[in-house]
Amino acid sequence: MRPLTYSRARDVDDALALVAAGPDSAFLAGGTTEVDLLRAGVSRSGHLVDINDLPLTAVEDRPDGGLHIGALARMNDVARAPGVVHRFPAISRALLQGASEQLRNMASLGGNLCQRTRCPYLRDGVSACNKREPGTGCAALDGPNRGHAVLGTSDHCIATHPSDVAVALVAFDAVVHTVGAAGARAIAADDFFLLPGETPEIEHPIGRDELIVGIDVPGTPIARNSVYLKFRDRQSYEFALVSVAAAIEVDAGIVTDVRLALGGVGTKPWRAWRAEAALVGGPATEAAFRRAAAVELADAVGREQNAFKIELAQRAAVRGLNQSLKGIRS
Amino acid sequence: MTSVGTPVTRVDGPAKVTGAALYSAEITPPGTVHLAIVGSTVAAGRVTAIDAAAARAAEGVLAVLTHDDVPAVASPPHLLPSLLGAAAPGESFFPMQDTVVHYAGQPVVLVVAHTYEQAHHAASLVRVDYEAAPAITTIDQGRERAYDAERLFAGLMPGREERGDVEAGLARADLRVDMSYRMAANHHNALEAPSTVAVWNGGELTLYESTMGVRATQQTVAQLLGLPVSHVRVITHFVGGGFGSKAMVWPHTTLTAMAARIVGRPVKLMLTRPQMFTSTGHREEQEQSIALGATRDGRLTAIRHDKLSITSLFDDWAEPATGVSSQLYACDAYLGVHRLIKGNTMTPTFTRGPGETLGMFTLETAMDELARRVDLDPLELRLRNVATTDPRGNPWSSGGLEECLRLGAERFGWSGRNPAPRAQPDGDWLIGTGMAVAAYPMAFFMPPQRARARIFADGSATVATSTQEFGTGVLTMATQVGADALGVALSDIEFQAGDTDLPNSTAAVGSAGAGMVASAVHEAGTALRRQLVDLAIGDPGSPLHGVDPASVTVTAGRLTSSDRAGATDTYGELLGRNHLSDAEATGTWRPPPLDTPHGLLTFGAQFAEVAVDPQLGLVRVRRLGGAFAPGRVLNPLLARSQLMGGMLWGMSQALLEGNHTDPRTGRWAETNLAEYLVPVNADAPEVTVDFVEVHDDVVGPLGAKGVGEIGQVGVAAAIANAIFHATGRRVRSLPITPETVMEPTPAAAPT
């Protein structure tokens with residue numbers, strides 16, 4: 001691992017100042033991804049500013065039925081908070097199906113949102129990768145790409161966004177709060193993750209010296225029947241082949257409201273806006289779910305090894321909507 | 001009271017769970033510095049330039065070594081399986097002798113620094129330029145170059161096995177089953193990374209090495225360095241899993257010794273997880289096909305079994321896939337052919353259940369298909385074809401297959417199975433069951449095995465041989481065998497191992513470790529017991545003076561005679577009376593000759609229940625049941641763990657494990673445990689292990705046949721057969737992943 005220096009921030013202002021002071025400084029939260037990337041030579045940080053002393057660990061129920069989650073709240077603490085379990089079961093389930101028990105005890109929610117793709121070409125330090133070294137190309141386009149994305153891809157990058165909880169957060173319109181030298185910002189979760197386009201190295205609309213301080217999730221009753229389903233080769237400790245966050249509200253057999261987001265298939269946590277639009281006002285039937293899923297995946301681009309995900313994602317979406325519906329009826 | 005056969009818990013358990021057990025990389029002699037290896041990023045070509053200036057200038061760096069610095073090996077390595085007891089390089093190649101690159105990951109630069117982190121950081125600063133040449137790393141790339149292998153395994157085994165007329169046998173068959181499969185490469189992924197600590201003392205070398213064969217390491221390193229074998233000592237206290245990856249001796253070990261000699265300090269190497277995919281071999285990518293001819297009542301008339309695989313440029317290596325398929329069933333016409341493609345990979349190597357796990361996958365899924373075609377229960381089809389002798393007409397050294405099939409079926413609840421596919425829906429899932437035979441060959445290529453037994457006047461005793469504990473439980477088992485042979489209590493005897501200074505035993509490979517160690521220890525303990533009994537009989541001061549030696553038994557160090565009731569002596573008193581501080585004896589076990597007139601297979605039966613989600617392609621194994629006939633079971637607790645571990649690996653082989661090279665670069669695509677999948681606890685189903693104990697006089701004095709690999713054989717076939725039973729579809733590749741199981745078009749769930 002490259003030589004590093006380290007300091008520990010006392011408060012948010014201190015952390016911002018410390019990171020701003022060094023051109024290769026970065027925040028260090030749980031470290032579960034960051035240290036990996038440093039070891040792999042992908043992260044080029046030379047100075048780490050440890051933010052674990054900052055008072056950003058709260059998980060609070062908000063009066064509107066929503067949540068506030070501190071950026072340093074650990075995955076396991078968030079997953080098991082009663083307000084999360086009852087108000088947003090999909091968020092809890094997404095967290096518990098991510099990583100391993102040990103990692104969940106360390107990894108923070110803010111860090112989770114900033115985790116980088118598992119694309120092996122990013123991490124091997126050798127192959128062409130526009131995320132690691134812009135302009136070198138994308139080795140995954142024609143290489144082993146079973147795990148790669150089919151939604152939101154570009155000719156420059158097809159890397160999958162790995163987070164589970166981010167899928168649930170975009171489904172429920174979470175807002176990411178940051179602070180930086182220019183002050184505080186509130187960014188819709190869906191906007192917090194950028195499509196690769198021609199600049200896959202830019203993954204979030206925040207600066208290197210801008211710090212995530214918390215995540216708000218607005219109250220929404222539909223979330224109480226939400227589900228998060230994750231499908232993968234093995235039953236734990238693996239990133240999703242496809243995952244789905246789903247919640248549905250039905251009145252007299254007609255869909256009145258719906259949330260649907262997909263993981264494991266997109267270059268960002270994928271809010272299925274088009275499927276939602278296709279469902280609202282229509283019948284809550286499997287055939288309608290199937291049609292809506294097909295609308296969402298209509299523009300998906302499959303490649304040699306990952307084309308199966310286009311169909312798999314649709315079946316998973318239908319499964320998720322059915323389960324949420326079953327939850328309402330039971 | 002005998003200890004052998006009882007479920008003694010591991011003697012090294014407390015040391016392992018408290019961290020007191022030291023693995024090779026945890027041993028740090030004073031002054032130890034650290035080695036990092038830079039591997040080639042191209043799979044073929046040559047090194048054109050190395051810029052090591054930045055690395056040399058980095059903090060803590062002692063040396064950056066290239067092919068210009070690494071000495072020439074004293075004699076070129078020649079691949080030889082470590083079971084033979086001689087030098088056992090994993091490939092007939094040694095790197096850093098020139099600029100030529102034959103495979104990705106081949107060592108090209110060594111960096112030695114004061115700390116591990118410094119060494120790895122400096123290694124990342126080395127710039128190597130290559131002139132890359134086209135590389136062949138997949139079967140598809142080299143298919144047109146395939147050739148028939150004359151001999152495999154350094155000439156030990158024929159590439160082709162033939163008896164009778166297969167074409168005639170297929171022609172006269174009432175029906176024929178053809179199956180073909182593509183099987184991805186596998187990597188071992190032991191938890192402990194291969195590690196070496198090399199310490200020179202003058203012209204003598206001590207290695208602390210993560211190996212399955214201390215003697216193989218000693219001889220290989222001595223040969224490559226041109227040292228007398230007596231000047232190389234290898235010590236291995238504990239190994240965190242081998243599975244074949246540490247059965248052979250790979251270049252990194254000798255490179256570490258070379259680096260230590262150059263820098264004049266003890267040098268420690270621990271491979272990184274990604275390097276574990278390019279440093280110790282692998283189970284090669286392969287294709288297998290089989291043709292079965294059978295009569296309408298399900299009797300085999302011909303078997304043709306073909307394997308095509310990719311090997312290195314240096315060696316004709318193939319896992320032998322036909323050792324069981326050529327013997328298991330009574331069938332007059334058999335042809336087994338291994339074809340090879342030379343490519344830019346390391347020489348592949350032993351990977352648990354080498355050859356036979358995939359060979360049996362092919363045979364046993366074909367038998368399942370045959371059962372369907374002749375409308376017989378798969379179990380009945382096996383029973384109808386079981387061979388009662390080996391193909392030469394020799395009796396099995398011990399059998400038990402029929403008993404395993406019947407016991408396994410009973411315990412699993414096989415009878416009454418509805419053979420129709422897709423007959424058992426369960427919500428989104430389809431349930432299926434499948435079975436397969438397990439069988440694994442025994443090979444007696446090893447030289448005589450020696451052990452030493454020693455007893456002290458205070459009654460405490462030791463038995464010793466140079467084998468090493470790599471998780472199998474050999475320390476516990478050998479302690480039990482030694483206690484029984486010598487006639488002392490388990491608490492009074494200690495088994496010493498893991499050091500080439502101890503009497504010779506061969507690398508613990510080929511499911512032979514337990515048999516070899518147990519036999520040698522038994523012979524040593526028995527020899528010492530006889531020596532002490534003779535001493536007592538000849539001792540006028542002993543109550544047993546003059547009795548018939550055959551009348552004497554020894555239990556817990558106490559000698560009694562059936563000819564002289566009430567007379568007792570003890571080892572301690574006997575030695576004390578004779579003014580002896582200790583006594584010792586060496587025992588030697590000679591394996592049966594290679595032409596022993598016996599069939600040599602270990603048998604078992606595997607059963608599996610799976611749930612398949614046909615929409616999403618998910619397969620979950622709900623139950624595995626195995627029944628095995630491993631001769632005498634030396635310790636049922638250890639044997640069960642070994643077999644259960646093998647069965648879980650079989651599940652992993654069926655559903656999870658597969659590695660691929662990127663055909664454009666020749667580099668492995670999956671080089672960590674997030675990408676290369678092995679099962680986690682959540683994947684582990686209910687596993688049942690049952691024993692059929694069979695008596696075997698041929699395989700050694702204790703009649704133990706080994707449980708290291710048989711547990712894995714047949715599991716993948718049983719699971720694949722269960723998937724067929726659940727879904728009505730056969731997947732033609734391994735691992736069986738969701739995209740291969742998913743129904744291609746949306747289908748209504750069966751109701």
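Biologist: Let's start in helix H5 (residues 166-171) of chain B, where Glu167(B) is found. Why does Glu167(B) count as partly exposed?

Modeller: First, keep in mind that this is a predicted model. Glu167(B) has 13 C-beta neighbours inside 10 Å. A residue is buried at 20 or more and exposed at 12 or fewer, and partly exposed covers what is in between. The value of 13 falls in between, so Glu167(B) is partly exposed.

Biologist: And how far apart are Glu167(B) and Thr301(B) in space?

Modeller: They are 10.0 Å apart from C-alpha to C-alpha, with their places 134 residues apart in sequence.

Biologist: Now Leu269(B), in strand E15 (residues 267-270) of chain B. What makes Leu269(B) buried?

Modeller: Same kind of counting. Leu269(B) has 30 other C-beta atoms within 10 Å. Buried starts at 20 or more, so 30 puts Leu269(B) in the buried class.

Biologist: Which residues is Leu269(B) in contact with, leaving aside its neighbours within four places in sequence?

Modeller: Leu35(B), Ser195(B), Thr196(B), His252(B) and Thr256(B). As for Leu574(B), 305 residues along the chain from Leu269(B), the two C-alpha atoms are separated by 49 Å.

Biologist: Which residues are buried in helix H3 (residues 116-125) of chain B?

Modeller: Gln118(B), Ala119(B), His120(B), His121(B), Ala122(B) and Ala123(B). Their cover includes strand E1 (33-39), helix H2 (53-57), strand E3 (61-65) and strand E5 (107-113) of chain B.

Biologist: On to a pair of helices: H8 (residues 356-373) and H9 (residues 378-385) of chain B. Why is H8(B) called roughly perpendicular to H9(B)?

Modeller: Their axes cross at roughly 105 degrees and come within 9 Å. Roughly perpendicular runs from 65 to 115 degrees, and 105 falls inside that range, so the name fits H8(B) and H9(B).

Biologist: Which residues make the contact?

Modeller: H8(B) brings Met367(B), Asp368(B), Leu370(B) and Ala371(B), while H9(B) brings Pro378(B), Leu381(B) and Arg382(B). By type, that contact has five nonpolar residues, two charged and no polar.

Biologist: Let's try some backbone oddities. What is notable about the phi of Ala252(A)?

Modeller: Phi is positive, about 50 degrees, although Ala252(A) is not a glycine. Most residues other than glycine have a negative phi. Ala252(A) is found in the loop between strand E10 (242-251) and strand E11 (254-263) of chain A.

Biologist: How do you know whether Ala252(A) is buried or exposed?

Modeller: Count again: there are 6 C-beta neighbours inside 10 Å. Exposed means 12 or fewer, so with 6 Ala252(A) counts as exposed.

Biologist: Arg422(B) has a positive phi too, about 60 degrees, and is not a glycine either. What makes Arg422(B) partly exposed?

Modeller: Arg422(B) has 16 other C-beta atoms within 10 Å. That is over the 12 for exposed and under the 20 for buried, so Arg422(B) lands in the partly exposed class. Its place is in the loop between helix H10 (401-412) and strand E19 (425-426) of chain B.

Biologist: What makes the peptide bond that joins Leu734(B) and Pro735(B) a cis one?

Modeller: Look at omega, which is about 0 degrees there. Most peptide bonds are trans. Pro735(B) is found in the loop between strand E33 (733-734) and helix H16 (738-741) of chain B.

Biologist: Zooming out, which domains does the domain assignment of chain B give?

Modeller: Domain 1 (13-134 + 188-277), domain 2 (352-443 + 596-635 + 685-703 + 714-741) and domain 3 (449-589). The centres of domain 2 and domain 3 of chain B are 40 Å apart, taken over C-alpha atoms. Across the contact, eight residues of domain 2 of chain B meet 14 residues of domain 3 of chain B. The domain 2 side has six nonpolar residues, two polar and no charged.

Biologist: And how many residues of chain A are in contact with chain B?

Modeller: 21 residues of chain A, which meet 25 residues of chain B. On the chain A side, helix H13 (residues 308-329) gives the largest share, four residues. That side divides into eleven nonpolar, four polar and six charged.

Methods: Residues numbered from 1 in each chain as written. Chains lettered and ligands numbered in written order. Predicted model: local features only at pLDDT ≥ 70, side-chain atom pairs only at ≥ 80, totals over all residues. Domains from an automatic or database assignment. Contact = placed C-beta atoms within 7 Å. Nonpolar A, V, L, I, M, F, W, Y, C, P; charged D, E, K, R; others polar. Helix = DSSP H or I, 4+ residues; strand = E, 2+ residues; numbered from the N terminus. Axes fitted to C-alpha atoms, helices over the stretch in contact; angles between N-to-C directions. Parallel < 35°, antiparallel > 145°, perpendicular 65-115°, else oblique.
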